[in-house]
Amino acid sequence: MSLSASMYPSLASLPGSRVNGSPATPVSMSGPAQGSAQAGAFALSPNTQITPGSGYSVRNRTQQQLYQTPIRGQQFQQQQVGQQSQPLKTPETRLTATSPTGQLGQSDAQDQAPVASLSPIEHAKRVVNSFLDFDSRYPDLDRIVQQTQSSEYQYSPTNEFGPWTPFEQTKTLRIPDVIFEQYNTTECFTKMGLFTQIQRAWIVVDNRLYFWNYLNGQDFLSFEDLSENILSVQLIKPRANVFTDSINYLLLISTASDFHMLGVSFKDNDLQLYDTGLVVSVKGLAVNIVTGSDKTGRIFFGGQGSTDLWEITYSDREGWFRGKCGKVCHTKSGLSGFTPSFSSLAPIGKLIPFSSQNSIIGSILPSNAEESIIAIVVDDSRSLVYTLSSKSTLRAFHMKSPTDLTLMLTYTYTSLCSHLQMINAASPLLDPRSTTIVSIYPVRPSESSQIHIIATTSSGCRLYLRAARSYGFGFSNNENAPPTTMQVIQVRFPPGESTARLPATTTDLSPTKVSRIYAPGYFMAVKAGDIADKLFMSAPDTGRILSQLTTLNTVPQLVESGMWASIGGYVQEIALVTPEFQIVNKPEGFGNEVCGQYSVPPTEVAVLTNEGVYMFKRRYMVDTFKDLGNDTRVFLETYGRAETCCTALAIASSPSYSLEAREAARRAYIEYGGKAHLRDENYGSVALSFENVRLSGRFDGLATYISRIVRAIWRIPILKVTASGPNGRKSYASSIALGQLTKYSSTLIEVFSFLEQNRNYIDGLSGPDRVIGGLEARNEDISQQAEHRGMNALMHLARFMEEALLFIATMTQDSKRLNECMTNLQPESIVRISKLTFQDLFTTPEGTELAKELVSAMVNQYIASGSSVDSIVDVLRKQSSIFCSADDILLFHSMELLHRAKSVALTDPDLKNQILRDSIRLLNMAKNVSFEDLRGAVLELNELCFHPGAVEVTLKAAIESDRGIVAISYYIDGMPPNDPRADLYNKRLQCYNLVFTTLSDIDERARKESESTQQILPTTVLPMKNIQDAAYKTAFASRDQLFHYLLYDWYVERGLAERLLDLDLPFIEPYLEKNATVSLEQANWLWVYYGKKEEFLKAARVLSGLARKNFAMPLENRIEYLSRARSACQCACPPSQRQEMLQILQQTQDEYTVACIQLDLLTKIKEDVRFADDEGQRARLVKKLDDELLDLSRLYNGFAYELGYKDICEEIVKAADYRG
């Protein structure tokens, strides 16, 4: 039927990013209301009356107190109360960058930086993590299944569900005629089933077993070696190390007398059966059900007329008192199994419908026993075995060891009904007089930490049972401990034909003869019929459940979509074709199909009837959206803007959909996205900042889709490391299959291309900081800028991830070459790369750096093997230019030339030099070369004695590392601490040290060559000396001021400073002037330098200044400086300098005269015998006179007059020209 628009609420009445309120219902609903404020809840009919026992009454406080048997102490009840009284922590209240509600909020301490200060990649990283966290908070089964009853379905009794149907039938495969021909030969009975593990259906015809490939109706195989009628058939995985590797499965066949085990080999659709010789006698046990453990290979079976649980033991060797195969009874009444309890087999003339309650064997082996096992299921995740009896009694056994099996609990239907009364779930559908349990399904810990079993009744109800281990009056918190108690916590009633009929009384699924449940909650129930069976199928509506997280004060509840499948005949078997759905290995987020639909293939189920095999496939939300065509507004009203835009983007960007579907999705993405706006939560008082902007649905949809594309790989290492061999040698391989990497990359390319093609129609793709003109208010401008910034960041990340994924695929496709590359890396780099996650590779500078190291190692390996680097470089350049830039290519070709030069160094020196010059030319063309690569190239050049080229390349790299020439100002300013210029200075310093290493290397080579040859031919011109001269000439020719300063420092450290004075260096003068203020030695070199340059005025300035400087020196040295200054002033100089020279000369002459008097006074004090008794006083006076130049007044008043030196006093008066 067509979906009527009147069935949905008006879009104008819908608030928030979900377009408002509780989700609309596309077809008629059934189920009780759980509160009008809760998402996914539906109002009761106005005529519905809430009566005691109907399942709608609220449990009173007294009953709650009586029924408190939590799994984890008292935490469970407190958690339920807390969830109902406190709002959930939705992304709207905790995210920093953006969230599925389209806003900027706060995440955690490490992400508190303002959005405006983040780079595009950092911003996108924060966004992706936010949306991944939101998806990971999809409620687990424990949360959506509360201690209550529920029955909320999207359901159409007439099966006119249209695009909203949860499953679709993909194939109908008829039973081949040859099988019917064999069936017509039946004399006693027949039975059918499916082994989807080997893509085979099977049928038992008396003592013959036939297989056929149900997918193509061919590949027939028969087993006719038994003389007795076959009663049961099962396929399990064998125990490890018992059979050869070619045996994939064990085929278990039971007759009235024996239990046979056949080996099954299945490879490339080729099925072979092998006789293992393992046979066990089961006379009198009437085996009617067999199952096995996939984890341990243990085999369990039960017999008609008994609740005993048996096990088949098998091994590859015999013991003293046992054979290779035997049986063990794990229950106390094991001897009862040896008492025959059946009569002769009676002929059966038709196929008997599949049922786990009324088995075929039961119909042909009549027994007076009151109770029998009708189902055995193994929960390997908890090491538990569950049995279900014909009286609806559940028993749990614990597999403590590979051989033990201990009964832990027995849960009768009577106990179950009493617990139902305590949670107000009483219903005629659960009446023990007319209702039984027909099927059980074990729930793994990864799906739920508390619920252990889901049981289905003959009335179609699902019972959720939790189990725990009790100690006295308390309960154990140890989740690994085997349970000792069990209780039902929720009843899921079947859907009703209309809301006028209470779900607690509906009989739509009565009588249910069998059911199947598969993760994350797919439910299939077979309703017995007279002419044919009916199959009901339902699945959780994960989109509605997830949307409940964005609604405050709402406890998430289970909402399902149901349908009646179109099949013919009597159902014989329901089997899972694909692996069960699972995206995480923990309860929270386990069942999030909305998130997993882009990475996990849809679940497929095969239903076998006596007419054929019907194949069904789960329909995801993208399938619903696609089939809605142009009527997608109902999808928006149901799931909100974010999910709508995400789904639309997934379809619009994928070429696997039709043009019509892609165009409809494109329009939906553009039109339904809304606009970015400020969150005005303070009623008009809101700061104009990016943090307060709620972005559009288009941004949310893009962020959601990108995060879900990379969800499976985001936080895992890029490499899988395994240790093998006696020495534990490590091997490396991609942690993700090559096909998956390519798929992820292709999907990201499709998204990026779609956005680029529609850039003009999508707000937010004009650039991150574009100021939009024509806006009336500043808040709109801020909102638009935030939208631009967010969309640009996500597109930038998408493009980066696409190239990074192709890079990983390229680097890891050859595992041998990858392992050789890893071994050639530095140990520290190996550890870092081994721990590098995809998130770090995509979003951190360290990830880019490590990727480039891996590229360099790969290229070096090609070079070392003599292969051309073009083969690998071209591929890397096309697929991942981020990690293989134009500069990298120049470097790789340069290294290739260096390797070639090394190979011809001894045979053709001229060719070697030509190749090295070409290598230097390529290195100089590269703008950005890492220091490690630069150092490697320099070491190669030094080894090839091409030191001038090494100096040239290194100095060029130093300039490229600091194009703004900032480092020199940092050096001149005295290198202040915590200065941002320090990083650029350190980069230059690394390069300069590499130059000094090169110069030291050629110095040492020249010295050794000189010592070895000059003894024989003293006049020989040495090659190394020429290379040394050329290297220094290259260094001295540099115009890099900072390099020259550090080069001069290097000369000084080596004690070769005097050599600098003989060279015409461009920066030696400012260098000496700068250091002359702090170093006496370099001040001396400065006036010597001026003297050699015949710049006598500058020399006189330095010398006269030195005499007055507070450097530690004796008075004689100061007099010497004054004397030298007088001499310099008497030298020839340009006329323009003559006046200043005369002034310095006059000043210096006066100072020289006073200094000589000071020296006479100093000598007099040293020789004065009056200080013989007070040497301390003499030393103090000597120190004052010897440390600095003093004026005449201080010499007279402080020393000569006080000490009575008349001659000195006269000299002072004369020098002062005193006439008083």
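**Exercise 1.** How many bridges join strand β15 to β16, and which way do the two strands run?

*Solution.* Before counting, some ground rules. This is a predicted model, where local features need pLDDT of at least 70, side-chain atom pairs count only at pLDDT 80 or more, and totals for chains, interfaces and linings use all residues. Residues are numbered from 1 along each chain as its sequence is written, and side-chain values use heavy atoms, with hydrogens and water left out.

Step one: find the strands, which are DSSP runs (E, at least two residues) numbered from the N terminus. β15 covers residues 310-314, and β16 covers 325-329.

Step two: check the pairing, which takes at least two bridges found by DSSP between two strands. Here there are five, and β15 and β16 run antiparallel.

Step three: pick out one pair. Thr313 sits opposite Gly326 of β16.

**Exercise 2.** Place β16 in its sheet: what is the strand order?

*Solution.* Go along the open sheet and you get β13-β14-β15-β16, four strands with antiparallel pairing. At the edges are β13 (287-292) and β16, each pairing on one side only. Ignoring direction, neighbours are turned by 30 degrees against each other on average, with axes taken as lines fitted to C-alpha atoms.

**Exercise 3.** Now work out the sheet that holds β5: which strands are at its edges?

*Solution.* Start with the order, β5-β6-β7-β8: four strands, an open sheet, antiparallel pairing. The edges are then β5 (190-195) and β8 (218-223), each with pairing on one side only. Twist averages 20 degrees from one strand to the next.

Finish with the β5 pairing: six bridges tie β5 to the antiparallel β6 (residues 200-205). Leu194 has Ala201 in β6 as its bridge partner.

Definitions and conventions:
Axes fitted to C-alpha atoms, helices over the stretch in contact; angles between N-to-C directions.
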